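The exercises that follow ask you to read strand order, core packing and a few local features from a model. Work through each task with the coordinates open before turning to its solution.

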Amino acid sequence: MRAHFGQLGYALAPDVLSPAECARLGELVQPVASVSGGTRCLLSQPWCAALAARLRADPALAACLDPDALAVQCTYFEKSAGRNWLVPMHQDLSIPVAARVDAPALRGWSVKEGAVFVQAPPALLRELVAVRVHLDPCSVGDGPLVVVPGSHRAGVIAPADLPAVRAATPAVACIAGVGGALVMRPLLLHASSKALGQSRRRVLHFVFGPRTLPHGLEWNVAV
């Protein structure tokens, strides 16, 4: 799995959580889901921090995670017939930090749900690992994540170069069962289409990163 992850920028681990555990997580996240269908700010919840520790210790996922890495963000997505959307091909470049720092190398500042985000320097982006835990089955018709294998090795891709990188390698749909996890580099080109049916696709998207950040930055939340 480590070799697959290093070369392609993603790997799938089935049955990381049991169906019963996924059902319980669905209940815990329901207050958020009933309001907006998603949030970037779950990691401060004790149950979410405990799940992050569980993922970090999982034997299959540990092959792709630095043992010293911290969970620094958890985002919840819910795609359903009532909340259906598509996401164009992109890279995840922003990280949540405690406060703005005036440094020439930092750009792309924004505030989302009250948290400060900045576009991370390329060297830091290469260290990040995302773990997407599926609370529901995700088939081809459920709007799964589609990735371009190996595209993370190109670093931060300029918008003008994205079509060429996208066209060079066939995209792959990441299908998962209940409790399955997709491990990926945020620099991997990825997208998702709208779901085609009446199913529900709920995902907890964790980001793991190094303990220390450059330019005097600090994580907003880290566990």
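**Exercise 1. The three-stranded sheet**

Determine in what order the three strands of the open sheet lie, and which strands form its edges.

Solution. The model is a predicted one, and local features are read only where pLDDT is at least 70. Begin with the order, which is S5-S7-S6 in an open sheet of three strands with antiparallel pairing. Next, look for strands that pair on one side only: these are strand S5 (94–97) and strand S6 (107–112), the edge strands. From one strand to the next, the twist averages 30 degrees. Then follow one of the pairings in detail: S6 and strand S7 (residues 115–119) run antiparallel and are joined by four bridges, and within this pairing arginine 107 has glutamine 119 of S7 as its bridge partner.

**Exercise 2. The loop between S6 and S7**

Examine the loop between S6 and S7, and state what sign phi has at glutamate 113.

Solution. Glutamate 113 is placed in the loop between S6 and S7. Its phi is positive, at about 55 degrees, although the residue is not a glycine. The general expectation is that most residues other than glycine have a negative phi. The relative accessible area of glutamate 113 is 45%, so this residue counts as partly exposed. A second case can be treated in the same manner: histidine 215, also not a glycine, has a positive phi of about 65 degrees and lies in the segment after strand S13 (201–209). Because its relative accessibility is 37%, histidine 215 is classed as partly exposed.

**Exercise 3. Rings and charges**

Find which lysine lies over the face of phenylalanine 117, and establish how many aromatic pairs the structure holds.

Solution. Lysine 112 is positioned over the face of phenylalanine 117, at 5.0 Å from the ring centre, which can be compared with the 6 Å limit applied to a charge over a ring. For contacts between rings, the count for the structure is one aromatic pair.

**Exercise 4. The six-stranded sheet**

Work out the strand order of the six-stranded open sheet, and trace how its strands are joined.

Solution. The order is S1-S11-S8-S13-S3-S2, and the pairing is antiparallel. S1 and strand S2 (38–39) pair on one side only and are therefore the edge strands, where pairing of two strands requires at least two bridges. Moving inward from S1, strand S1 (residues 10–13) is joined to S11 by four bridges in the antiparallel sense, with alanine 13 standing opposite alanine 181 of S11. S11 also pairs with strand S8 (residues 129–134), again antiparallel and over four bridges, and here leucine 182 in S11 is the bridge partner of arginine 132. Further along the order, nine bridges join S3 to S13, which run antiparallel; in this pairing lysine 79 is matched with arginine 201 of S13.

**Exercise 5. Burial and the nonpolar core**

Decide whether the faces of strand S11 are covered or open, and identify which element gives the largest share of the largest nonpolar core.

Solution. Both faces of strand S11 (residues 181–184) are covered, since Ala181 and Val183 on one side, and Leu182 and Met184 on the other, are all buried. The largest nonpolar core has 31 residues, and those touching the most other members are Leu42, Leu55, Leu61, Val131, Leu204, Phe206 and Phe208. Two or more residues of this core come from each of S1, helix H2 (19–35), helix H3 (46–57), strand S3 (70–79), S8, S11 and S13. Among these contributors, H3 provides the largest share, namely five residues.

**Exercise 6. Cysteines**

Establish how many disulfides there are, and how far cysteine 74 and cysteine 174 lie from the nearest cysteine sulfur.

Solution. The cut-off needed here is 2.5 Å between cysteine sulfur atoms, and by this rule there are zero disulfides. For cysteine 74, the nearest cysteine sulfur belongs to cysteine 48 and is 3.5 Å away, and cysteine 74 is in no disulfide. With 0% relative accessibility, cysteine 74 counts as buried. Cysteine 174 is likewise in no disulfide, the nearest cysteine sulfur being that of cysteine 138, at 8.8 Å. Cysteine 174 has a relative accessible area of 2% and is therefore buried.

Technical notes:
Residues numbered from 1 in each chain as written. Predicted model: local features only at pLDDT ≥ 70, side-chain atom pairs only at ≥ 80, totals over all residues. Heavy atoms only, no water. Phe/Tyr/Trp six-rings, centres within 6.5 Å; stacked < 30°, edge-to-face > 60°. Lys NZ or Arg CZ within 6 Å of the ring centre and 35° of its normal. Buried < 20%, exposed > 50% of the residue type's maximum accessible area, 1.4 Å probe, protein only. Axes fitted to C-alpha atoms, helices over the stretch in contact; angles between N-to-C directions. Core = buried A, V, L, I, M, F, W, Y, C linked by side-chain atoms within 4.5 Å.
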